[in-house]
Amino acid sequence: MILKSKILLLPVVIGLVMLMGSCEETKSYSELLTEEEHAVNWYLAQHKVSLEIPSDGDFETGDTAPYYKMDKDGYVYMQVINKGSETERPEKGDLVYFRFMRMNLKTLQSTGADIWEGNAEDFENYASTSLVYGNNVLTSTTQYGEGLQVPLEYLGYNCEVNLIVKSPEGFTSDGTQSQCLPYVYNIRYFKAEY
């Protein structure tokens, strides 16, 4: 009788041990946010940073330009590589095409692997990546998060930027927000031709 109860109890004990082990591996949302903050700070520490947006819109440009803090919460930092057109600028409601590559900063910090993903090299599906500037309703736009629209407020078509986007302003369609994943993007914006 004692042996039989021990045999029946064994699967329960094993299940509890496995459950406790899996609970320890799960991180809280607060811990994920802290990791995100550390990864972004680690990356920014390797670059010049400006906490002020130039009042005259005269951003420094190039690979050595500073990352400008674009919002009060520090969710988006922008490094301007090329300002684009001085005369043709997007207006609210315009369809804007963009090409991008992005790299997960948590992965870069923890492994040193600079793995880029995106559509910058996919010339067959050029028109498939677009957003409606200023729109926060259309899923086709909101799936990219609001962070990717920030440069359109300051720069012209054909601009190129590097953006650091924290999860609250990042992609909504791929787990970026729920997993607190910060990315650095290289993005070019183009005018839709009708």
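Two strands count as paired when DSSP finds at least two bridges between them. With that in hand, let's walk through this predicted model, beginning with a pairing that meets the rule: strand E4 and strand E5 (residues 116–118) run antiparallel and share three bridges. Within that pairing, Met103 has Trp116 as its bridge partner in E5.

Before following E4 further, it helps to see the whole chain. The secondary structure consists of four helices and eight strands. Read from the N terminus, the order of elements is α-α-β-β-β-β-α-β-β-α-β-β. The chain has 194 residues, and 41% of them are buried. Among contacts with a separation of 6 or more, 62% link residues that lie 24 or more positions apart.

How confident is the predictor in all this? The mean pLDDT of the chain is 87, and 84% of the residues reach 70 or more. One stretch to treat separately is residues 19–24, where pLDDT stays under 50. For those residues the model has zero contacts beyond four places in sequence.

Now back to E4, which spans residues 95–104. Is this strand mostly covered or mostly open? Mostly covered: nine of its 10 residues are buried. Besides E5, strand E4 pairs with strand E6 (residues 130–132), antiparallel and through three bridges. It also pairs with strand E8 (residues 183–191), again in the antiparallel sense, through nine bridges.

Tyr97 is a good place to look at these pairings residue by residue. Its bridge partner in E6 is Ser130, while its bridge partner in E8 is Phe190. Further along, Arg99 stands opposite Arg188 in E8. As you inspect these strands, keep in mind that side chains in a regular strand alternate between the two faces of the sheet.

Ser130 deserves a closer look from its own side. This residue lies in strand E6. Why does Ser130 count as buried? Its relative accessibility is 18%, and the cut-off for buried is under 20%. Beyond its neighbours within four places in sequence, Ser130 is in contact with Leu95, Val96, Tyr97 and Phe98, and also with Ser140 and Tyr144.

Strand E8 can be followed in a similar way. Seven of its nine residues are buried, so the rest of the structure largely encloses this strand. In addition to its bridges with E4, strand E8 pairs with strand E7 (residues 160–165), antiparallel and over six bridges. One of the matched positions there is Ile164, whose bridge partner in E8 is Val184.

For a contrast with the strands, turn to Gly57. This glycine is found in the loop between strand E1 (49–50) and strand E2 (67–69). Because its relative accessibility is 34%, Gly57 counts as partly exposed. Although 98 residues separate Gly57 from Leu155 in sequence, their C-alpha atoms are 8.5 Å apart in space.

Finally, let's visit the largest pocket, which holds about 280 Å³ of space. Of the 14 residues that line this pocket, the closest to its centre are Glu146, Gln149, Val150, Glu153 and Glu169. What classes of residue make up the lining? There are five nonpolar, four polar and five charged residues.

How values were computed. Residues numbered from 1 in each chain as written. Predicted model: local features only at pLDDT ≥ 70, side-chain atom pairs only at ≥ 80, totals over all residues. Heavy atoms only, no water. 1 Å grid on protein atoms, 1.4 Å probe; cavity = no way out; pocket = protein on both sides within 12 Å on 5 of 7 lines; lining within 4 Å. Points joined across faces, edges and corners; volume = space filled by probe spheres on them. Nonpolar A, V, L, I, M, F, W, Y, C, P; charged D, E, K, R; others polar. Buried < 20%, exposed > 50% of the residue type's maximum accessible area, 1.4 Å probe, protein only. Helix = DSSP H or I, 4+ residues; strand = E, 2+ residues; numbered from the N terminus. pLDDT = per-residue confidence, 0-100. Contact = heavy atoms within 4.5 Å.
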